[in-house]
Amino acid sequence: MAEEKVSKSAAVKKLQATAEASAYQKAWFADLKKRVEAGEDFAYLNADVPLEVLRAMDIPFVVNQWWAAICGAKRMTRKYFGLLRDAGYRDDLCSYCATAFAESLDPDDHKIDPETGKELGPWGGLPTPTIAITRLTCDCQSKIFELFAKNHGADFYVIENTIARKAPLNWFELDEDRWEELYDEDRLDAAVWELKELIKFLEHKTGKTFDMNKFKEVMELINEQEGWYKKLRDLIAECHPVPVTVVDTINAVMQAQWQRGTRWAADHARRLYEEVKALVDKGEAAVPNEKYRLMWLGRGIWTDFAFYQRFEQKYGAVFIWTMYLAMGADAYIRNHVEKDPLRALAARYIGMEDFLHMPPWNSQWYIQQAKQNDIDGVVYMVPENCMQAVEGSYFIKKALEEKGYPVLIFKADPVDERKWNAETMGGLVDKFIETRVIPNKDSKEKEK
Amino acid sequence: MTIRQCALDCEAFAQLKHIYENREEIPAKMRADGVKVIGKLGCDVPDELIIAGGMLPVQIYADPEKELKETNVYLEYAFDPMVRAQFEKIVDGTYAGQIDALAISNSTDVLIRIYLYLRELHRVEPDKAIPEVEFIDWLFTRKPMHEARNELIAKIFWETAERWAGRNITEGEFFEAAKLCNDNKAALRRMQALRCEGRISGCEALVIIGAGFFMEKAAHTELVNTVADAAAQWPVIDAPKVFFTGSNQEDTSLYEMIENAGLLIASEDHDWGARVYDRDVNLDFTPVRGLADCYMLREFSGKKAFVSQRVAALNREVTQTGAEGVIFYTNQYEEAASWDYPSQKESLEAAGRRTFGLFKMLWPCDRNEGLADAFAGLAKSMKGGTD
Ligand code: SF4
């Protein structure tokens, strides 16, 4: 996702699918701008909003977290947080979610530098949205979205959030087919009602009609796409050494994930799988001297992808797992959509945050994934300033370590380069590999 | 100023102050007499149902002196310091000896996390002395479906209260308890009117309100009414009136600092102050409807409302109070209200009110250097001097 600066930094990526996704994303964004300029409604969504509804209604949209990553990769953070400060806001809060609001304070966002002829805003700046939608999954998000909507003159819409009373440990075994067992029934009922309200709002606002057949098609395309991610995740998990690392998969998957529900995204997922499979068939390894397989927990470091590769030469330590591919593999598929398409979507979107941020769902899934991927060590980035991402790091660490996976926890910010120090963080990971990962693996091998 | 001699000379106030300062005394006695004591974390736990079940609701509070041995193990740094200290008492066994169960409302995101952590602790470390925990998951956006769902949430908590009480709770018992609570709020509103006249200081008000968290409602109502009768004759405090918005104040230390500087806190919007008597349960509704209506439609809180709602709410509250200025004060890691502040400040200043913002404050307040001087400067400038 953070492809621009990432490729200019030392991160080395090799997949055609990644480049293809970046090119598609650029073309798609250019087209979106044209549609907005032509007067179409344009929605700005938080990542946990059920975008499938907008996809089915052909309402153009951009996802907040994707856009924050673009802005982060374009090194806009410093400027944006200066703008926040000047407007009287704190500049040390919610960097991930507040980036677009900060951008909305930038008078130069859509301007061209008269000297260089370059666009001043990231990708020429965010087109002016007419709709801003978020969910109430934390105390700050609705406030930020409302401020953002006000600055753009957009309609502000929120979707409620409910907390799971029932929390079966094996969500990843239940969510695809047995979601009625996974969730409290009343939470699903409420979520379906929220979807119906959202549809009403969008129909009213845009004049477009929600077509259930089109919606089913979108849901099926998503199942197809995520099915390829499942195959890809399983393929990577069983390969020793792995054919690709997280630097390859994060961008390739994330960009297509925001396009989910389109034919392009489903096909892209297939091509991604096929490309990696071809590497496997040729016996190619991402890091031929792979010795230690690392898992990355937390949001990606959009400002410094090269960080993930720092440990390959020195130790043969390879980051092979992030949530980005694995969530696609395990969290999105909902079979038998035709029975009740809206309920199937409800069963997807209400779990998304909880799978990642709610103990015990997150810790149990990480254990299962560490096992499947034959992980030797876990590096866990806890964001500095996000209550939503406060997700029970104690329980996650305890659960993984009890199963024999050493865990390093450190604090950082995924988009704020001001708070990122690759040397310090790299030093922590070096030490972790030397003092925990290597001895742990050695002793496991001796036991064998 | 703070707590004046006229208040201390009032027998009813002295009793409230004693209870406020000895918060375990009445609950421990009642527990020894066989009454179940239910801890509440968050400001949206319905007292009405706990009381209807013959139990005593008590508010969980922090001990600023306590070392956070357990908390530092379990909680990340992003939890605000007061919640951290509350958590310590829940997980270190203190509350296990004082309450029979704990009800947590989703009044802020932080409390949702606390609930999830306690639930997980019960699962992974079952030997820890932590009371049984129940969560109350209100929706605060105001749509018809959300009201219907809130009625379901009220029903679920009703069943929990029955389980804790060990018996059914009848509608009659509910209405009786709801009336007790409404009467209590009415008495506190009488007291609030006297605050606005300047007859009761902010510190005195915190004591009067806060004592109610640790005693029976009827007894509290009686004492509050007696204090209100007496306070009508107390001298009017001659100081610029301010409204306090922000972090909960579980004790009077910050208010003392502000009022000693020469200001009068005429009202506030936090959970240990005027928010307690914000809205009644409508006794003409069905019980669950009345509960949903009361807890969903209270004035917009700093944590669960949009910026525009918070701007309007603060304007309304400040106008009602007649305050000349507003102190914004939030503790470190209590971030949500920071997003409201610039718009609130602009709106208040446009109406000619002074604003004074303090954020990322250390807790307890005496850890902040120069704070008393800052308030003295504010007081001086509000009195017409230069700060
Ligand atoms: S608390 Fe986290 S999820 Fe919420 S707005 Fe801030 S950064 Fe975003």
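Mentor: Buried means under 20% relative accessible area, exposed means over 50%, and partly exposed is in between (1.4 Å probe, protein chains only). This is a predicted model: local features need pLDDT of at least 70 and side-chain atom pairs count only at pLDDT 80 or more, while totals for chains, interfaces and linings use all residues. Residues are numbered from 1 along each chain as its sequence is written, chains are lettered from A and ligands numbered from 1 in the order in which they are written, and side-chain values use heavy atoms, with hydrogens and water left out.

Trainee: OK, is A:Arg343 buried or exposed?

Mentor: Its partner helps set the scene: A:Arg343 makes a salt bridge (Lys or Arg side-chain nitrogen within 4 Å of an Asp or Glu carboxyl oxygen) with A:Glu180, with the closest N and O atoms 2.5 Å apart. A:Arg343 sits in helix H16 and A:Glu180 in helix H9 of chain A, 163 residues apart; helices here are DSSP runs of H or I with at least four residues, strands are E runs with at least two, and both are numbered from the N terminus. A:Glu180 is partly exposed at 39%, whereas A:Arg343, at 13% relative accessibility, counts as buried.

Trainee: How many residues apart in sequence are A:Glu40 and A:Lys208?

Mentor: Their side chains meet in a salt bridge at 3.3 Å, N to O. A:Glu40 is in the loop between helix H2 and strand S1 of chain A, and A:Lys208 in the loop between H10 and H11, so the pair ties together parts whose separation is 168 residues.

Trainee: And over all chains, how many salt bridges turn up?

Mentor: Some share partners: A:Glu176, A:Lys230, A:Arg233, A:Asp234 and A:Asp330 form one network that way. Searching the whole structure gives a count of 71.

Trainee: How many of them are between chain B and chain A?

Mentor: Start with the contact itself (heavy atoms within 4.5 Å), which takes 49 residues from chain B and 56 residues from chain A. One bridge there pairs A:Lys143 with B:Asp340 at 2.7 Å, N to O. The count between chain B and chain A is six.

Trainee: What area is buried between chain B and chain A?

Mentor: This is the accessible area (1.4 Å probe) that the two parts lose on being put together, summed over both. Carbon and sulfur atoms give 61% of it, and the total is about 4,400 Å².

Trainee: Which residues have the most contacts inside the largest nonpolar core?

Mentor: A nonpolar core is a set of buried Ala, Val, Leu, Ile, Met, Phe, Trp, Tyr and Cys residues joined through side-chain atoms within 4.5 Å. One of the top names is B:Trp339, which touches residues of chain A including A:Leu84, A:Tyr89, A:Phe101 and A:Leu147, and also B:Val307, leaving aside residues up to four places away in sequence. The core has 252 residues, and those with the most contacts inside it are A:Trp67, B:Trp339 and B:Phe375.

Trainee: How many residues of H13 in chain B are buried?

Mentor: The helix covers residues 287–296 and is mostly covered. Helices H4, H8 and H9 of chain B are among what covers its buried residues. B:Pro287, B:Leu291 and B:Tyr295 are among the buried ones, and of its ten residues the number buried is nine.

Trainee: On to the sheet: which strands of chain B stand at the edges?

Mentor: It is an open sheet of four strands with parallel pairing, in the order S6-S5-S7-S8; two strands pair if DSSP finds at least two bridges between them. Inside it, S5 and S7 are joined by five bridges, and B:Gly246 stands opposite B:Tyr329. The edge strands each have a single partner, so one side of each lacks a neighbour in the sheet: they are S6 and S8.

Trainee: Which residue follows B:Trp363 through a cis peptide bond?

Mentor: Chain A also has a cis bond, from A:His240 to A:Pro241, with omega about 5 degrees. In chain B, omega is near -5 degrees, and the proline sits in the loop between S8 and helix H16. The residue is B:Pro364.

Trainee: Last one: what is the phi of A:His336?

Mentor: A:His336 is in the loop between H15 and H16 of chain A and is partly exposed at 40%. A:Asp374, also not a glycine, has a positive phi of about 55 degrees. For A:His336, phi is positive too, near 55 degrees.
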